[in-house]
Amino acid sequence: MALRIAVQMDPLEHVNIDGDSTFALMLEAQRRGHDLFVYPVDTLCLGEGGAEEALELGRLSAKARPVTVQRVKGGHATFGEEARLDLGTTDVVLMRQDPPFDMGYITATHMLEHVHGVGPGKTLVVNDPKSVRDAPEKLLVTHYPDLMPPTLVTWDREALADFRARFGDVILKPLYGNGGAGIFRIREGDENFASLLELHFSRSREPLMIQRYEPLVRKGDKRIILVDGKPIGAINRVPATGEARSNMHVGGRAEAVALTKRDEEICERIGSHLRDNGLIFVGIDVIGDWLTEINVTSPTGLQELDRFNDMNSAGLIWDAIEAKLG
């Protein structure tokens, strides 16, 4: 049966069709005969109260365009006329806009909760908006301290300095960014540590995460894709020369890699939580033996995974979604 699928995303016109995971999901949905719509998050409207006119477009709606996609550079999307779409009349909403995980992002999860449900006749939001809101990627991982490298999350500059004094070589991370933005490696003896703290706290009220630097990152930061709590494969992201970050947004190189026993142990430990909380499409980051992030907002890596493993990872995600729709 054809599904009506609305994709909440950043402009489709600007995606890299050879690397974008949302584009891969849309291609696979279209191949299965499903109808696609796209809309930007800032067109969401939540109508409440007793006034009939407030609800005439549905409780939650967005300015959406029907779209067809194809793997043709410069011509990868063809749009129909924009109109306000009642999201309650769709079968699936894919929440795929990029972070930062700010109040705008959080508000969108609250709004999407008004249409989200599981089972026949419901609109399934992927990933579950409440679970996404409750699981910032750099904080969800702290529920598994024995799987993590030494880590501290705090506003306290003295505690940050003490952590650095203990471990020497450290990584500083903002909690709610994405794509490696704002991440710094501070080596022992680097005199910029205090200045970086001053810069961050002059611009933000959020705490920082500080972690022990793991030298094995030079051999790669493994991105493992899990579907409904089960790993389907991994890619290795190797930092560019002179770069501490392995994110492909900043020049990281993708390589084929197999799952180790430790990787499988990590996936087994977190899998039931992901599955029980409607986190269908998740990407985790592993350096050596250590879990560093659990990415639930807009994970990436599907197309690289497919190229190295001759598989259809988007197909496995749609299999899981369709199974939940009954």
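Visitor: Which element gives the largest share of the lining of the second largest pocket?

Guide: This is a predicted model, in which local features need pLDDT of at least 70 and side-chain atom pairs count only at pLDDT 80 or more, while totals for chains, interfaces and linings use all residues. Residues are numbered from 1 along each chain as its sequence is written, and side-chain values use heavy atoms, with hydrogens and water left out. A pocket here is an open set of points on a 1 Å grid over the protein atoms alone, where a 1.4 Å probe fits, with protein on both sides within 12 Å along at least five of seven lines, and lining residues have an atom within 4 Å of a point. Two elements, β10 and α6, give two or more residues to this lining, and the largest share, five residues, comes from α6.

Visitor: Across which strands does helix α6 lie?

Guide: Helices (H or I, at least four residues) and strands (E, at least two) are DSSP runs numbered from the N terminus. Helix α6 spans residues 193–203 and runs at about 150° to β12, the angle being taken from 0 to 180 degrees between N-to-C directions of lines fitted to C-alpha atoms, for helices over the stretch in contact (heavy atoms within 4.5 Å). The strands that α6 lies across are β9, β10, β11 and β12.

Visitor: In what order do the four strands form the open sheet?

Guide: Strands pair if DSSP finds at least two bridges between them, and the pairing in this sheet is antiparallel. The edge strands, each pairing on one side only, are β9 (151–154) and β11 (184–186). The order is β9-β12-β10-β11.
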